[in-house]
Amino acid sequence: LRELQSWRKWGTNQHRISMCETLEHMLTEDLAPTLMLEKVQALQQEWKLLNKEGNRINEALWQRFNTAADQIYAKCRPYLDEQNNMRELSRKARESLCQQVELFAKAVDWSQVNWKKVIHAVREVRATWEKLGAVDPRQQKSLNQRYHAAMRMLERPISQERAKNKALRQTLIEKAQTQAQNPDLIKAIKEIRQLQEQWHITVASKRNQEDSLWKAFRTACDQVFERRRGALQHQQEVIESQIKSLGVPG
């Protein structure tokens, strides 16, 4: 058993020596900082795993390994500093975007707003947010929470207007369908024209819902105009019949 334990210790130390040599060789190579950092972090995790397995630590090997790792981090320091600066700039940009949305949502008069411009602005904000770079993972959660809270301040009135506008157009459909059955054709045509002028989309619903609404409205309107075409055709036929009965040349 002691012999097996001795062989195990020797094998582990050989592996640790190999890990040290790998780090030291990396210092002489022209590797991308991202690749160097990825490799050194993987080796550090592997070293910790060996320690957890109960293998006695060789202090000299640990110092050698740790020194090489520190030198790699020092070599990558300019890259790490640049990444930190970029994350800081991204944090400031995300905070600024959130603030702009918050201020707009509080200042806008929703009763007079141009809904098409608001919807376009919301799309631009979402696209901008997605394009912004990464931030410090410790700040990401709070920034995301602030962003989603700010966007809800815009999305809530948009949803309310969508429901309101949909209900209005459903009412217009019902009125158009009523006029399709109105025996007073002249009045029906007048009412249909007024309903057509009132048909206006402020905030669109889903595509299939919009198609269904428009089809129902157009069908009711077409029924009235078809009745008018039928009435005009009948009137023309009556006139032609009367002309023939009088013997008047056509």
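Across the chain of this predicted model, pLDDT averages 88, and 87% of the residues score at least 70. Confidence varies between elements: helix α1 (residues 2-26) has the lowest mean pLDDT of the chain's elements, at 73, while α6 has the highest, at 96. Within residues 3-7 the pLDDT stays under 50, and the model gives this stretch zero contacts beyond four places in sequence. Where pLDDT is low, the predicted coordinates should not be read in detail.

A useful place to begin is helix α4, which covers residues 77-107. This helix has 31 residues, and the distance from its first C-alpha to its last is 45 Å, close to the 45 Å expected at 1.5 Å a residue. Its buried residues are L80, S90, R91, R94, L97, C98, V101, E102 and A105. They pack against four helices, namely α2 (33-52), α3 (59-75), α5 (115-131) and α6 (137-179).

The buried set of α4 includes charged side chains as well as nonpolar ones, and R91 is one of its members. R91 counts as buried because its relative accessibility is 15%, and the cut-off for buried is under 20%. Leaving out residues up to four places away in sequence, R91 touches V135, Q139 and L143.

L143 is also in contact with W129. Beyond its neighbours within four places in sequence, W129 contacts R94, L97 and C98, together with L143, N144 and Y147. R94, L97 and C98 are among the buried residues of α4.

W129 and Y147 both belong to the largest nonpolar core, which has 20 residues. They are among the residues with the most contacts inside this core, along with V101, V122, V125, M151 and I158. Helices α4, α5 and α6 are the elements that each give two or more residues to the core. Apart from this core lies another, of 17 residues, which includes M26, M36, W47 and C76.

Further along the chain, S205 sits in the loop between α7 (185-198) and α8 (207-246). Is this loop residue buried or exposed? S205 is buried, because its relative accessible area is 13%, which falls under the 20% limit. Not counting neighbours within four places in sequence, its contacts are R162, K166, R169 and E210.

Technical notes
Residues are numbered from 1 along each chain as its sequence is written. This is a predicted model: local features need pLDDT of at least 70, side-chain atom pairs count only at pLDDT 80 or more; totals for chains, interfaces and linings use all residues. Side-chain values use heavy atoms; hydrogens and water are left out. The expected span of a helix is 1.5 Å times one less than its number of residues. Buried means under 20% relative accessible area, exposed over 50%, partly exposed in between (1.4 Å probe, protein chains only). Contact means heavy atoms within 4.5 Å. pLDDT is the predictor's confidence in each residue, from 0 to 100. A nonpolar core is a set of buried Ala, Val, Leu, Ile, Met, Phe, Trp, Tyr and Cys residues joined through side-chain atoms within 4.5 Å.
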